[in-house]
Amino acid sequence: MCPLPDVTAKLIPDEEGRCELRIAGPNVLKGYFHDPEKSKEAFDDEGFLITNDAVKFVDSSNANAGLSFDGRITEDFKLMSGTWVRAPIFDLKP
């Protein structure tokens with residue numbers, strides 16, 4: 001995974017080595033049409049689009065090796081015990 005030219009990716013790491021991916025650039029929507037409240041929810045304070053995608057480094061010792069998709073942050077859920085559970089990622093390759 002590599003950002004397009006003029007696109008900036010911001011990674012917000014968690015304690016397990018995953019990162020939440022946020023992006024900004026000329027190809028990213030500026031907001032929702034006639035819906036400023038929805039627009040406010042979609043972007044962080046620095047103007048990055050909150051994708052709700054999780055990524056991880058392909059090789060944790062070499063950031064240049066790239067990133068791989070690691071699920072959707074919004075699909076994680078918390079059990080009544082307080083334990084967070086990640087939705088599984090299925091590999092559909094034959």
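Two strands are taken to pair if DSSP finds at least two bridges between them, and helices (H or I, at least four residues) and strands (E, at least two) are DSSP runs numbered from the N terminus. The model is a predicted one, in which local features need pLDDT of at least 70, side-chain atom pairs count only at pLDDT 80 or more, and totals for chains, interfaces and linings use all residues. Residues are numbered from 1 along each chain as its sequence is written, and side-chain values use heavy atoms, with hydrogens and water left out.

**View 1. The hairpin of strand 1 and strand 2.** Strand 1 (residues 8-13) runs antiparallel to strand 2 (residues 19-24), and 6 bridges join them. Among the partners in strand 2, L21 is bridged to L11 and E20 to I12. The hairpin has 5 residues between the strands, and G17 takes a positive phi near 90 degrees there.

**View 2. The open sheet.** The sheet is formed by 4 strands in the order 1-2-3-4, with antiparallel pairing. Strand 1 and strand 4 (67-72) are the edge strands, each pairing on one side only. From one strand to the next the twist averages 45 degrees, where axes are lines fitted to C-alpha atoms, for helices over the stretch in contact, and angles run from 0 to 180 degrees between N-to-C directions.

**View 3. Positive phi at D6 and H34.** Most residues other than glycine have a negative phi. D6, in the segment before strand 1, nevertheless has a positive phi of about 70 degrees, and D6 counts as exposed at 64% relative accessibility (buried means under 20% relative accessible area, exposed over 50%, partly exposed in between, with a 1.4 Å probe and protein chains only). H34, in the loop between strand 2 and helix 1 (36-42), has a positive phi near 55 degrees and is likewise exposed, at 70% relative accessibility.
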